[in-house]
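Q: Please take a close look at the surroundings of the ligand in this structure. Which residues are found there, and which atoms make contact with the ligand?

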Amino acid sequence: MELTVHKHATYAYTGGKPFDPALPTVVFIHGAEHDHSVWALQSRYLAHHGRGVLAVDLPGHGRSEGPPLESVEAIADWVIALLDAAGVQRATLIGHSMGSLVSIECAARHPERIAKIVLVGTAVPMKVSEELLNATRDDEPLAQDMVNIWSHAAYAQYPSNPGPGFWVMGGNLRVMQRQKPGVMHVDFKACNDYVNGITAAGKVAAPAMLIVGKRDVMTPPRATKEIAAALADKRIVEIAGTGHALMAEKPDEVLDALRDFV
Amino acid sequence: MAAPRYYNFDTLSLHAGQQPDPHTGARATPIYQTTSYVFRDTDQAAALFNMERAGHVYSRISNPTNAVLEERIAALEGGVAGLATASGQAALHLGLATIAGAGSHVVASRSLYGGSHNLLHYTLPRFGIETTFVDPRDLGAWKNAIRPNTKVLYAETLGNPGLDVLNIPEVAAIAHAAKLPLFVDSTFTTPYLLRPFEHGADLIYHSATKFLGGHGIAIGGLLVDGGIFDWEASGKFPELTEPYDGFHGMDFQEESTVGAFSLRARREGLRDFGACMAPTTAFHILQGLETLPIRMDRHVANTRKVVEFLTRHPAVESVSYPELESHPDYALAKKLLPKGASAVFTFVIKGGRPAGRKLIETVKIFSHLANVGDAKSLVIHPASTTHFRMDDAALLAAGIGPGTIRLSIGLEDPQDLMDDLGAALRMSQKI
Ligand SMILES: Cc1ncc(COP(=O)(O)O)c(C=O)c1O
């Protein structure tokens, strides 16, 4: 579906059903250098099980126009503008990686608008290694390879995502390559620069769920301890056999956790 | 952290797409010889049918053994997805039928495997798909043949029978300028010798029957989606970018930014045309893929020796192999095929049809049959077999002389191959 947010044409995948703002709304927020399609299975399932789904392409990503936003705080406010454009008062946010930071910040700033948050592959702070951050600026193909390799625990997963026959690492690389030049550095810098996460998490009263990949080396399980401690109402789901690309590597386990929570 | 790198080709040949079986620990890929899969509950069943969960429903559409093969070929090619089909022909048909239909037009190289030519020239017109054939070396001809209803440009990476090396970067540029994808038959080169996506191709298929299997025991095909072509931006492919009533109103490009083609090919083409691969065949092809790198090195090394031997033989008029300076694509082969120009080539024997016939009747190691890419060396004399109805003039128009012999060099000891050919060449001149 096409919306206008901050005057820019904005795309949200609605899970294969027309969006109904009267249903409990779930907003899926992708991570750096990604688009809505990283959530294909989970978003489609929830849309067919009683939720109104907005799996967005963030500004400058996928089909959404406008420049990519330069801070987590700016994206958090953008999410509220998106809800306004869609006629939604209250929503649950499900964010991956950079999207998880956005979810924390948004819930802290706008408690009346956010029902619950789900943080998939999160770490606060989300320090990006200097080597990777520089590569996102100077050599995007190298940076994409780094992220792609570090994000996956294995060269095969059963079932594959979004279905049998898909080579998950190949698909992830192509999604990153599809983003406009320059977007990757803006995203990774926004993650790296976001220092307010623990303070923000302390203000979040909404129930929160953390979904942690046991073999995640981008946002490793130990890096979620501090944020988990800061959140008042939280539960933690650990998933074995997956790295940072949890929705692709363990789509069923991620979906089961979401289904039980949102 | 040191800059990471992907596993190299040889490792991917053994591991991509597979983990030890989660249920039994089996290290080899099990043959899931089953037509169907029990649902956990009704909700999971509905979710599988509606693509809300990934998994297997029915083996015409997907199968766990096939999935390993599909993901492995996608990894080896550097694409996003593979589809295993009943044969190479089925892969070609599935690729075309996914993006073309009645009223569509294809621009194809005229240097094609006979079966592909049959499909495009005789059969697809019955279904409203027309093809214009062009000389693959004539870049202007590719461009000029494109019409408003053209859907795809199609060629072999190494053409038949002249081993025309496809100028993939240039032909891809022509296709992309017209917002069209380039589809290549990569059977002769395999991903070990050439990775067409890296040069601009968008879709690939293989007759897995040949080098990928390598054993000559199974017919199969593999279609691979590069995930690079932007169907939405092209605007010419409503099959991929608009809701499809035949599958829950799904807009495939919306569903998967980079996998729309393979989703549609599976959800429509495999489902409805039904030319799926048998799981046992997938297992056989996987056995071949595991040793593809070392086999291709040996195929090429043997071929170079036999080519060299034939170029110096007094009973041989000429040898056509892209690594020879006399071949029109010598420079292009150096650029695109540095690891070798495959193991199939032709030579012209002195003495025309009778000499060719005699050679075939005399060789002992070379098998006289209609295939290529076997571990065993193969020979065919088109003028007395596949093209025997043609007179010499018609043969020449097809790029085949009365004395043209095609060899597919196998993995035998190269000295034995040269001795066998040498003896037969001597006999061929005594008639
Ligand atoms: C170059 C090429 N492409 C496609 C095919 C067709 O493949 P299959 O026989 O597996 O259908 C062949 C078979 O000879 C071939 O040589």
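A: In this predicted model, a polar side-chain atom of D185(B) lies 2.6 Å from a nitrogen atom of the ligand. A second side chain takes part as well: T209(B) places a polar side-chain atom 2.6 Å from an oxygen atom of the ligand. The backbone also contributes, since a polar backbone atom of Q89(B) is 2.9 Å from an oxygen atom of the ligand. On its own, the ligand has 390 Å² of accessible area, and the protein covers 90% of this area.

These three residues belong to a wider shell. The residues around the ligand are S87(B), G88(B), Q89(B), Y113(B), D185(B), T187(B), F188(B), Y205(B), S207(B), T209(B), K210(B) and G220(B). Sorted by class, this shell comprises 7 polar, 3 nonpolar and 2 charged residues. Two elements of chain B, the helix α4 (88-99) and the strand β6 (203-207), each supply at least two residues of the shell.

For a wider view, one may turn to chain A. Chain A contains 11 helices and 8 strands, and its C-alpha atoms fill a box of roughly 40 × 35 × 35 Å along the principal axes. A compact globule of 262 residues would have a radius of gyration near 18 Å, and the 16 Å of chain A therefore agrees with that expectation. Of the 262 residues of chain A, 65% count as buried. The chain exposes about 8800 Å², of which carbon and sulfur atoms supply 54%. Among the contacts in chain A with a separation of 6 or more, 75% join residues 24 or more positions apart.

How values were computed. Residues are numbered from 1 along each chain as its sequence is written. Chains are lettered from A and ligands numbered from 1 in the order in which they are written. This is a predicted model: local features need pLDDT of at least 70, side-chain atom pairs count only at pLDDT 80 or more; totals for chains, interfaces and linings use all residues. Side-chain values use heavy atoms; hydrogens and water are left out. A residue is near a molecule or strand if one of its heavy atoms lies within 4 Å of it. A polar contact is a pair of N or O atoms within 3.5 Å; within protein, one must be able to donate a hydrogen and the other to accept it, and residues adjacent in sequence count only if both atoms are side-chain atoms. Accessible areas come from the Shrake-Rupley method with a 1.4 Å probe; for residues, only the protein chains shown count as cover. Helices (H or I, at least four residues) and strands (E, at least two) are DSSP runs, numbered from the N terminus. Ala, Val, Leu, Ile, Met, Phe, Trp, Tyr, Cys and Pro count as nonpolar, Asp, Glu, Lys and Arg as charged, and the others, Gly among them, as polar. The radius of gyration is taken over C-alpha atoms; the globule rule is 2.2 Å times the number of residues to the power 0.38. Buried means under 20% relative accessible area, exposed over 50%, partly exposed in between (1.4 Å probe, protein chains only). Contact means heavy atoms within 4.5 Å.
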